[in-house]
Amino acid sequence: VEERQLPWERILELDIAHPDGNSTLVAEIMGRRSNLLLLDPTRTIRECTLRASASQNAYRVTLPNRPYEPPPPLDRAAPPTLEEREWRSWLAAAPPSQSLARRLVRELSAVSPTLAREVTVRAAGDPEAVVAQTDAAALHGAVAVLFAALEDGAWSPHVARNEEGQVAAFAPYELRSWPGAEPVDSISEAMQSFYTTRQQSDAYATVRRRVGQLL
């Protein structure tokens, strides 16, 4: 098995050799639009978990026997590629009252909402901090610390629990933005805890709590 990943993209390709020939398994990890596709040597889709016709997706069709077209690339910089002076310009170009975490997610590659909160709390001391509360040097330093594990492999998987004690978030780094965070042995364990909680939780629990508060 050989693997490929474009820098800072959420798409992983696995080339697999088997008795019937060669295939490529493509994992597109994009939230609700995540997909898993099996391609033949000509990069024709043989099967996929999330199908989309031309009427459903104007950019690309994901159906069996159609050529594989990757998602449009994100033309954005990734946080580790920015120097302190570039962070200073990036902050200066933003509205002072804008949420730093939201701006990080919208403007940069490789930044999830969870990671954005972590960068924000480490740079400004508050996950809800706005741009005006952020120093460029602190932002640069926070990004360097969080992305360092890509080079040294010093991952620290954590899960975070909500007020009900349920796992509400997970990450391969320490979750300082969550008061109920705790380390786990592996990222696999963290993911299993998170998704098991989601499957077992009542989909209407949040709505019921809100109605109860209003009553």
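Which backbone oxygen lies 2.8 Å from a polar atom of the side chain of Asn35? In this predicted model, that partner is the backbone oxygen of Leu50. The protein has 215 residues, of which 33% count as buried, and its secondary structure consists of 7 helices and 8 strands. Taken along the principal axes, the C-alpha atoms fill a box of roughly 55 × 50 × 40 Å, and among contacts with a separation of 6 or more, 38% come from residues 24 or more positions apart.

**Asn35 and its surroundings**

- Asn35 belongs to strand E4, which covers residues 35–39, and with a relative accessibility of 6% it counts as buried, because that value falls under 20%.
- Once its neighbours within four places in sequence are set aside, Asn35 is in contact with Val26, Ala27 and Glu28, with Cys48, Thr49 and Leu50, and with Thr62.
- Within that set, Leu50 is the residue whose backbone oxygen lies 2.8 Å from a polar atom of the Asn35 side chain.

**Arg60, a buried charged residue**

- Arg60 sits in the loop that runs between strand E5 (45–48) and helix H1 (84–92), and its relative accessibility of 9% places Arg60 in the buried class, for which the value must be under 20%.
- The side chain of Arg60 takes part in a polar contact of 2.7 Å with the side chain of Glu28, and the Arg60 side chain also reaches the backbone oxygen of Glu69, at 2.7 Å.
- Apart from its neighbours within four places in sequence, Arg60 is in contact with Glu28, Met30, Ala52, Tyr68, Glu69, Pro70 and Pro71.
- Glu28 appears in the contacts of Arg60 and also in those of Asn35.

**Helices H3 and H4**

- The axes of helix H3 (residues 113–124) and helix H4 (residues 136–147) come within 8 Å and cross at roughly 130°.
- That angle is neither over 145 degrees, as a roughly antiparallel pair would require, nor between 65 and 115 degrees, as a roughly perpendicular pair would require, and the two helices are therefore oblique to each other.
- The crossing of H3 and H4 is right-handed.
- On the H3 side, the contact is formed by Leu115, Glu118, Val119, Arg122 and Ala123, which meet Ala138, Leu139, Ala142, Val143, Val145, Leu146 and Phe147 of H4.
- By residue type, this contact of H3 with H4 comprises 10 nonpolar residues and 2 charged ones, with no polar residue taking part.

**Loop residues with positive phi**

- Trp8 lies in the loop between strand E1 (2–5) and strand E2 (11–18), where its phi is near 65°, a positive value in a residue other than glycine.
- At 35% relative accessibility, Trp8 counts as partly exposed.
- Ala110, located in the loop between helix H2 (100–107) and H3, likewise has a positive phi although it is a residue other than glycine, with a value near 60°.
- Ala110 has a relative accessibility of 32% and so counts as partly exposed.

**Leu6, an exposed loop residue**

- Leu6 is found in the loop between E1 and E2, and at 58% relative accessibility it counts as exposed, since the value is over 50%.
- From C-alpha to C-alpha, Leu6 and Ala58 are 23 Å apart in space, while 52 residues separate them in sequence.

Notes: Residues numbered from 1 in each chain as written. Predicted model: local features only at pLDDT ≥ 70, side-chain atom pairs only at ≥ 80, totals over all residues. Heavy atoms only, no water. Axes fitted to C-alpha atoms, helices over the stretch in contact; angles between N-to-C directions. Helix = DSSP H or I, 4+ residues; strand = E, 2+ residues; numbered from the N terminus. Parallel < 35°, antiparallel > 145°, perpendicular 65-115°, else oblique. Left-handed = near helix turned anticlockwise from the far one by under 90°. Contact = heavy atoms within 4.5 Å. Nonpolar A, V, L, I, M, F, W, Y, C, P; charged D, E, K, R; others polar. Buried < 20%, exposed > 50% of the residue type's maximum accessible area, 1.4 Å probe, protein only. Polar contact = N/O pair within 3.5 Å; in protein donor to acceptor, adjacent residues only side chain to side chain.
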